[in-house]
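Here's a quick tour for anyone meeting this protein for the first time. Have a look at the model, then read on for the sheet, the helix beside it and the main pocket.

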Amino acid sequence: MLIALATACRSSEVSKLDMEYMSMGDDYIQFTLPTLTKSRRMGGKPISLTLRQFELFPKLDVVDCTKEYISKTQNLRGSQTILLISFIKPHKSVKPCTIAKWLQEMMSKSGIDVSKFKSHSTRSASTSKALKQGLSVAQIMKMANWKSENVFKRFYSNTIEGESGNNQQNFSDAVLNM
């Protein structure tokens, strides 16, 4: 859930996060998606996703949580390099539909009406929250890999009443900030 919210990724993109294409620092984790995605066509530049440290609420720090997840699953994964693996043997990489199910379960446990909101709603929620927190539409479009502002306004933004400039460090800070 933290990765989906902090990156505005689709379940299909989250399922492709591969530790073979990951670089890590103290305050960030960066993944490159070398395969084709819904927003990357043949010959296009690979998508790069950066998870940034969130110091305000350590329990919501996507970098620390991801590092902890990697550490705790190390003995289960064998040669598996895809980040998210099944908790059921043989612990293979999970498909986008499994990630969508996990997101849906987390939303339900959080009190969200899952008959009205689906797993893809995390993309709308995070980008709308980022706008509300002051990120520019250009920053949001870059993070969500959108080519057109109209896509954001038409399908994802819950409320666009105007922009206030960037008063946040980065996308994940804006989304996770309460």
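## The sheet

Let's start with the strands. In this predicted model, three strands line up as β1-β2-β3 to make an open sheet, and they pair in antiparallel fashion. The edges belong to β1 (22-24) and β3 (47-52); each has a single partner strand, so one side of each has no neighbour in the sheet. Going from one strand to the next, the twist averages 15°.

What joins β1 to β2? Three bridges do the job, linking β1 to β2 (residues 28-33), and the two strands run antiparallel. If you'd like to find one of the pairings yourself, look for Met22: its bridge partner in β2 is Phe31.

## A helix on the sheet

Now for what sits against those strands. Helix α3 (residues 62-77) packs on the sheet and touches β1, β2 and β3. Compare directions and you'll find that α3 makes an angle of about 100° with β3.

## The largest pocket

Next, the open space. The largest pocket has a volume of about 550 Å³. It is lined by 22 residues, and the ones closest to its centre are Met1, Leu2, Tyr69, Leu84 and Trp102.

Which helices help build that lining? Helix α3 turns up again here: along with α1 (2-7) and α4 (96-109), it supplies at least two residues of the lining. As for the chemistry, the lining of the largest pocket counts 17 nonpolar residues, three polar ones and two charged ones.

How values were computed. Residues are numbered from 1 along each chain as its sequence is written. This is a predicted model: local features need pLDDT of at least 70, side-chain atom pairs count only at pLDDT 80 or more; totals for chains, interfaces and linings use all residues. Side-chain values use heavy atoms; hydrogens and water are left out. Two strands pair if DSSP finds at least two bridges between them. Helices (H or I, at least four residues) and strands (E, at least two) are DSSP runs, numbered from the N terminus. Axes are lines fitted to C-alpha atoms, for helices over the stretch in contact, and angles run from 0 to 180 degrees between N-to-C directions. Contact means heavy atoms within 4.5 Å. On a 1 Å grid over the protein atoms alone, a cavity is a set of points where a 1.4 Å probe fits but cannot get out, and a pocket is an open set with protein on both sides within 12 Å along at least five of seven lines; lining residues have an atom within 4 Å of a point. Grid points are joined across faces, edges and corners, and a volume is the space filled by probe spheres set on the points. Ala, Val, Leu, Ile, Met, Phe, Trp, Tyr, Cys and Pro count as nonpolar, Asp, Glu, Lys and Arg as charged, and the others, Gly among them, as polar.
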